[in-house]
Amino acid sequence: MREWKTIHQNSLTDPGEISHVFSLRTQTVGSVTATYPAMINPYYRSIIERADDPLYRQVIPDRLEISRENLNCSEDPIGEDRYSPVPNLTHRYPDRVLFLISHTCPIYCRFCTRKRKVGRGLKVDEQTIEQGLAYIRSDDRIRDVLLSGGDPLMLEDKTLECILGEVRDIPHVEIIRIGTRVPGALPHRITPALAACLSDHNPLYIHTHFNHPGEITDLSREACGILADAGIPMSNQSVLLKGINDNPETLESLFRSLLTMRIRPYYLFHVDNVRGADHFRTTIEEGLAIMDTLHRRTSSMALPRYALDLPDGGGKVNLTTGTVQSVGDGKYLIAAPEGEMVQYSDPECSVTSNMKASNK
Ligand SMILES: *Cc1c(COP(=O)(O)O)cnc(C)c1O
Ligand code: SF4
């Protein structure tokens with residue numbers, strides 16, 4: 001069996017095992033994973049340095065995920081299902097679609113916007129893929145297909161090749177994009193064979209997902225090198241995470257390292273108000289202040305756009321001091337893509353996630 005599959009199959013998923021390895025209470029971990037599955041592969045586990053560190057907190061179940069405060073938030077915070085003409089496909093902007101072709105990931109991030117979908121053990125079936133492809137074929141406004149999940153690179157080369165081939169054959173599709181956590185969380189998956197399969201379908205762009213400099217290792221550098229050498233343009237989407245990367249020093253180090261790996265920082269996403277992830281959400285003011293500091297310190301090459309998906313399918317907006325108007329009390333008016341002003345609130349619960357204290 002290939003190395004990456006063996007590593008994936010040896011992931012910690014069971015609450016008993018996770019509690020044992022990280023000295024947590026099985027009952028606490030179990031009560032979280034009953035709602036939101038966990039997946040910690042041996043590679044990612046090996047780059048966690050200590051309990052509660054920024055990598056630990058991205059993958060270890062925390063009982064705050066099922067706390068009462070978190071129930072205020074939505075299962076589908078950004079209305080992806082509302083704009084979904086066929087299952088697993090979101091058509092929110094005229095010229096591009098988001099197509100979820102896998103429910104599996106190399107790790108299950110505790111802050112994931114699609115917590116409601118990932119890790120349910122279901123494969124995306126052929127009929128769903130066929131329906132999505134048929135939809136893309138039927139609308140010639142679609143020139144950009146963003147494949148995501150779950151993680152598309154968790155599919156076998158053959159399956160991926162087949163889907164990419166079908167998308168590439170649609171005359172009006174100009175570019176294909178793949179959003180993936182694999183280069184930073186299971187770099188063994190990136191092989192020269194995979195890179196060749198991807199570059200066969202160019203123009204194809206990869207959006208990596210690194211959140212912390214600790215995720216940049218010799219192996220992840222090597223993986224990104226294979227993709228860049230195959231001529232695949234890469235950019236990175238990070239999530240601004242409370243207590244994990246919400247300071248200018250960490251982000252500057254992350255973004256500069258990414259540039260050395262031939263990856264351009266693309267987005268820094270504000271955490272969606274997804275149920276089970278509110279304890280990761282910073283305030284918008286904090287995010288704006290961090291971006292402001294970075295702007296003064298480093299090149300625009302290293303600067304992503306700070307963006308928010310407005311609740312209920314309001315759309316993606318860039319957050320800058322020009323688009324956001326603070327009206328006090330953690331409330332804002334934000335200009336939506338169609339121009340109207342939308343209300344937005346910072347998290348009401350000022351829960352702090354102290355994993356050790358809360359899980360024990
Ligand atoms: C974010 C997103 C896209 C891609 O947006 P870009 O700004 O072009 O990267 C496409 N469709 C949906 C539904 C999205 O949420
Ligand atoms: S890899 Fe992406 S889709 Fe999967 S759990 Fe993490 S954020 Fe969610």
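Which residues are around ligand 2? The close-up views below answer that and then tour some other spots in this predicted model.

**View 1. The surroundings of ligand 2.** Here is the answer to the opening question: the residues around ligand 2 are Cys 105, Ile 107, Tyr 108, Cys 109, Cys 112, Val 118, Gly 150, Arg 181 and His 209. Sorted by class, this shell holds six nonpolar, two polar and one charged residues. As for its location, ligand 2 takes up space in the largest pocket. Keep Gly 150 in mind, since this member of the shell returns in View 4.

**View 2. The surroundings of ligand 1.** Around ligand 1 you will find Thr 90, Arg 92, Tyr 93, Arg 96, Leu 98, Leu 146, Arg 177, Tyr 266, Tyr 267 and Lys 316. By class, five of these shell residues are nonpolar, one is polar and four are charged. Ligand 1, too, sits in the largest pocket. Which elements give two or more residues to its shell? They are strand 1 (89-93), strand 2 (96-100) and strand 7 (263-270). Strand 1 gives the most, with three residues.

**View 3. Polar side chains that reach ligand 1.** Look for three side chains here, those of Tyr 267, Arg 177 and Lys 316. An N or O atom in the side chain of Tyr 267 is 2.5 Å from an oxygen atom of ligand 1. For Arg 177, a polar side-chain atom lies 2.9 Å from an oxygen atom of the ligand. Lys 316 also places a polar side-chain atom 2.9 Å from an oxygen atom of ligand 1. How much of ligand 1 does the protein bury? Taken alone, the ligand exposes 390 Å², and the protein buries 88% of that.

Tyr 267 deserves another glance. This residue has its place in strand 7. Is Tyr 267 buried or exposed? Its relative accessible area is 12%, which is under the 20% cut-off, so Tyr 267 counts as buried. Its C-alpha atom is separated by 14 Å from that of Arg 256, eleven residues apart along the chain.

**View 4. Two cis peptide bonds.** Start with the bond that joins Gly 149 and Gly 150: this peptide bond is cis, with omega at about 15 degrees. Gly 150 lies in the loop between strand 3 (144-148) and helix 7 (157-168), and is one of the residues around ligand 2. Now move to the peptide bond from Asn 202 to Pro 203, which is cis with omega near 0 degrees. Pro 203 belongs to the loop between helix 9 (192-199) and strand 5 (204-208).

**View 5. Positive phi at Ser 23 and Asp 329.** Ser 23 is not a glycine, yet its phi is positive, about 50 degrees. You can find Ser 23 in the loop between helix 2 and helix 3. With a relative accessible area of 47%, Ser 23 is partly exposed. Asp 329 is not a glycine either, and its phi is positive at about 60 degrees. This residue lies in the loop between strand 10 (324-328) and strand 11 (331-335). Is Asp 329 buried or exposed? The relative accessible area of Asp 329 is 78%, over the 50% cut-off, so this residue counts as exposed.

**View 6. Ser 11 and Thr 33, two buried residues.** Ser 11 is found in the loop between helix 1 (3-9) and helix 2 (15-22). Its relative accessibility is 9%, so Ser 11 counts as buried. A polar atom of the Ser 11 side chain lies 2.7 Å from the backbone oxygen of His 8. Thr 33, in turn, has its place in helix 3 (residues 26-33). With a relative accessible area of 12%, Thr 33 is buried. Thr 33 and Arg 63 are 30 residues apart along the chain, and their C-alpha atoms are separated by 9.5 Å.

**View 7. Gly 214 in its loop.** Our last stop is Gly 214, in the loop between strand 5 and helix 10 (218-229). At 30% relative accessible area, Gly 214 is partly exposed. How far apart in space are Gly 214 and Gly 165? From C-alpha to C-alpha they are 35 Å apart, with their positions 49 residues apart in sequence counted as the separation.

Terms used: Residues are numbered from 1 along each chain as its sequence is written. Chains are lettered from A and ligands numbered from 1 in the order in which they are written. This is a predicted model: local features need pLDDT of at least 70, side-chain atom pairs count only at pLDDT 80 or more; totals for chains, interfaces and linings use all residues. Side-chain values use heavy atoms; hydrogens and water are left out. A residue is near a molecule or strand if one of its heavy atoms lies within 4 Å of it. A polar contact is a pair of N or O atoms within 3.5 Å; within protein, one must be able to donate a hydrogen and the other to accept it, and residues adjacent in sequence count only if both atoms are side-chain atoms. Accessible areas come from the Shrake-Rupley method with a 1.4 Å probe; for residues, only the protein chains shown count as cover. On a 1 Å grid over the protein atoms alone, a cavity is a set of points where a 1.4 Å probe fits but cannot get out, and a pocket is an open set with protein on both sides within 12 Å along at least five of seven lines; lining residues have an atom within 4 Å of a point. A molecule sits in a cavity or pocket if more than half of its atoms lie within 2 Å of its grid points. Helices (H or I, at least four residues) and strands (E, at least two) are DSSP runs, numbered from the N terminus. Ala, Val, Leu, Ile, Met, Phe, Trp, Tyr, Cys and Pro count as nonpolar, Asp, Glu, Lys and Arg as charged, and the others, Gly among them, as polar. Buried means under 20% relative accessible area, exposed over 50%, partly exposed in between (1.4 Å probe, protein chains only).
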